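Reader: Hello! I have a structure open on my screen and would like to learn how to read it. Could we go through it together?

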Amino acid sequence: MVDDHLLIAETLHAALYGRGISAAVVVPDQRDELLAQLVERRPRLVLLDLDLGRFGSSVGLIAPLTAAGISVLVMTGITDRLRIAEALEHGAIGYQPKADGFDALLDRTVLALESRRVLDPEGRAVLLSELVAARSRQRRVMERFERLTEREDETLRALCAGRSVRDIADDWVVSEATVRTHVRGILTKLGEPSQLAAVVAASTSGWSTSQRSERGAFRHALVGSFI
């Protein structure tokens, strides 16, 4: 059991012990050492909290554990279906919402130990289809930004950082008219009515935090990353 909340882990440990099931509690300390520690133990099942507090998402642990022949059951207080879907995509055999209560978590853990197979395949398929659809929508959104030239890209990033047209012109030692030409190009390609709308679109889509390639295109900001 891997959880940054020791009380939950120890309570579940005691309940499993009462059912004759051997278990161990692993409290995250050094994230880099956590995977090696789990693989070394070679458990039949890792009950993994999807959100490990200061260590962030645990999704990156799932595929390596699965590759090592270890089943992973995710428990989570997160209600974001896409984040849960990502955990399933990485190989988790199922998930259990913490909101369902302790008894449900215990029963799900026992079921996972007994079956060691994918739980609720129909529900899993629905979640994964939602993830695919969300990523497709995100790609379509990001494709608009890929139409920008390198200079338009730099202009929009500067606007997102709170720089005015005058500030940008002064920094680049060009006229404000030149910068406004870039802004008009941005609005046309994004289909936005105003400079403010373009900045909002860039921020809400995740584009403003994406990285630009050498050609000025952008990495797709896929949902989940969600990591």
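Author: Happy to! Keep in mind that this is a predicted model. Let's begin with helix α1, where Ala-9, Leu-12, Ala-15 and Leu-16 are buried.

Reader: How do the buried residues of α1 sit when seen down its axis?

Author: They fall within an arc of 130 degrees, so they line one face of the helix. Turn to the other side of α1 and you meet Leu-7, Tyr-17 and Gly-18, which are exposed.

Reader: And what covers the buried residues of α1?

Author: The cover includes β1, residues 45-49, and α5, residues 102-115.

Reader: How far apart should the ends of α1 be?

Author: Here is a sum you can follow: α1 runs over residues 6-18, which is 13 residues, and at 1.5 Å a residue the helix should span 18 Å. The C-alpha atoms at its ends are 18 Å apart, so the expectation and the model agree. Just after α1, look for Gly-20, which takes a positive phi of about 80 degrees.

Reader: Let's move to α5. Is Leu-105 buried or exposed?

Author: Leu-105, which is in helix α5, has a relative accessibility of 5%. Buried means under 20%, so Leu-105 counts as buried.

Reader: Which residues does Leu-105 touch, leaving out those up to four places away in sequence?

Author: Leu-12, Leu-47, Met-75 and Gln-96. You have met Leu-12 already, as one of the buried residues of α1.

Reader: Gln-96 is new to me. How do I read the strand it belongs to?

Author: Start with the general idea: in a regular strand the side chains alternate between the two faces of the sheet. Now the case here: β3, residues 94-97, has Gly-94 and Gln-96 on its covered face, while Tyr-95 and Pro-97 are on the uncovered one.

Reader: In which sense do β2 and β3 pair?

Author: Parallel: β2, residues 71-76, pairs with β3 over 4 bridges. Within this pair, Leu-73 stands opposite Gly-94 of β3. Add helix α4, residues 81-89, and you can trace a right-handed β-α-β unit made of β2, α4 and β3.

Reader: May I try one more residue? Is His-182 buried or exposed?

Author: Find His-182 in helix α9, residues 176-190. Its relative accessible area is 17%, so His-182 is buried. Setting aside residues up to four places away in sequence, His-182 touches Arg-151, Glu-152, Thr-155 and Trp-172.

Technical notes:
Residues are numbered from 1 along each chain as its sequence is written. This is a predicted model: local features need pLDDT of at least 70, side-chain atom pairs count only at pLDDT 80 or more; totals for chains, interfaces and linings use all residues. Side-chain values use heavy atoms; hydrogens and water are left out. Buried means under 20% relative accessible area, exposed over 50%, partly exposed in between (1.4 Å probe, protein chains only). Helices (H or I, at least four residues) and strands (E, at least two) are DSSP runs, numbered from the N terminus. Two strands pair if DSSP finds at least two bridges between them. A crossover is right-handed if, with the strands pointing away from the viewer, the path from the first strand over the helix to the second runs clockwise. The expected span of a helix is 1.5 Å times one less than its number of residues. The arc is that of the directions from the helix axis to the C-beta atoms. Contact means heavy atoms within 4.5 Å.
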